[in-house]
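Me: Could you walk me through this model, starting with a sheet and then moving on to the ligand? I would like short answers that show their reasoning.

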Amino acid sequence: MMIDCDFPAAETSDTFTLTPIGRIASDYPDKFGIPRQPGLASAARATLTLAPAFADPLTVRGLDAFSHLWLTFVFHQSPTRWTPLVRPPRLGGNAKHGVFATRSTHRPNRLGLSLVELVKIDTHHGVTLHLRGHDLVDGTPVLDIKPYLAWAEALPAARSGFAPTPPPSLPVTFSAAAEAALLMRHDGDSLRELIRQVLAQDPRPAYHKNAQNTSERRYGVRLRDVDVRCYPITTNGLDAMHVEDIVVASSPA
Ligand code: SAM
């Protein structure tokens, strides 16, 4: 995929050509339900397979000495049009902020940046990076990889505007049917943890959360090859998400 531009030697051009170095294969076949930032669902797995032009093992020599990577990618499932003001979901969709004051997926150039955990590098057939804790939908084109430098980039005291802390996390409960479905799977434990972490982020659209009588509404979140059927409940006066059933997805996302 090419983003339409030229790059004359003089570097005075206003447009640039960027070529994906690889694509993500992810636990998230669908955008719905993906946590809004990396690290919120550490159980989310992905692989990044480098395209043939970049799949020389020399390109990743020494990378396995780093535990975390910055991925620069394209929000390829977002439209190219953008607006100066956006409604950050964590503000309930009410307040508007400048697009450059948010991590919105609808932005000029559609560029995303995510800090992910590097689990291992496989160079047997080309180059494949195994990753965790990402927030990327399946098929996401990656433009660059950079090792994370905590001494240069970890600034816990930095001011973070309207997002000073991680979003609240909900309790998640599983029905007997859901537990039975997980017991049948070789990845049952890691899938349960992925479901718990994703639903704890309350994937419901902001306007649903503010609406009355939301308990009747059922939600389906696609993770790996399953549809997770769930709905909001209140236990001991606390909001929670309840997993009603986990069924193998019948159709591709
Ligand atoms: N960490 C990145 C950043 O700050 O640039 C992404 C933040 S963005 C708010 C995270 C959301 O992007 C996810 O919840 C998911 O819905 C969406 N997303 C992930 N991959 C995408 C893609 N390839 N195209 C469009 N949207 C995507």
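Me: In what order do the four strands of the open sheet stand?

Reply: Happy to help! First, this is a predicted model, where local features need pLDDT of at least 70, side-chain atom pairs count only at pLDDT 80 or more, and totals for chains, interfaces and linings use all residues. Residues are numbered from 1 along each chain as its sequence is written, and side-chain values use heavy atoms, leaving out hydrogens and water. Strands here are DSSP runs (E, at least two residues), numbered from the N terminus, and the pairing in this sheet is mixed, with the order β9-β12-β11-β10.

Me: Why is one side of β9 and of β10 left without a neighbour in the sheet?

Reply: Two strands pair if DSSP finds at least two bridges between them. One side of β9 (172-174) and of β10 (219-223) has no neighbour in the sheet because each stands at an edge, with a single partner strand.

Me: In which sense do β9 and β12 pair?

Reply: Strands of a sheet pair through backbone hydrogen bonds, either parallel or antiparallel. Phe174 stands opposite Val243 in β12. Over three bridges, β9 and β12 (residues 238-248) pair in the sense called parallel.

Me: Now the ligand: which element gives the largest share of the shell around it?

Reply: The shell has 21 residues, with Gln37, His76, Arg103, Asp135 and Thr140 the closest (near means a heavy atom within 4 Å). Three residues make up the largest share, and they come from β6.

Me: How far is the polar side-chain atom of Gln37 from a nitrogen atom of the ligand?

Reply: A polar contact with the ligand is a pair of N or O atoms within 3.5 Å. Pro35 places a backbone N or O atom 3.0 Å from a ligand oxygen, and a polar backbone atom of Gln77 is 3.0 Å from a ligand nitrogen. For the side chain of Gln37, the distance to a ligand nitrogen is 2.8 Å.

Me: How much of the ligand's accessible area does the protein cover?

Reply: Accessible areas come from the Shrake-Rupley method with a 1.4 Å probe. On its own the ligand has 600 Å² of such area, and the protein's cover amounts to 96%.

Me: Is Arg110 buried or exposed?

Reply: Arg110 lies in the loop between β5 (97-98) and β6, and its phi is near 50°, a positive value in a residue other than glycine. Buried means under 20% relative accessible area, exposed over 50%, and partly exposed in between (1.4 Å probe, protein chains only). Arg110 has 17% relative accessibility, so it counts as buried.

Technical notes: Polar contact = N/O pair within 3.5 Å; in protein donor to acceptor, adjacent residues only side chain to side chain.
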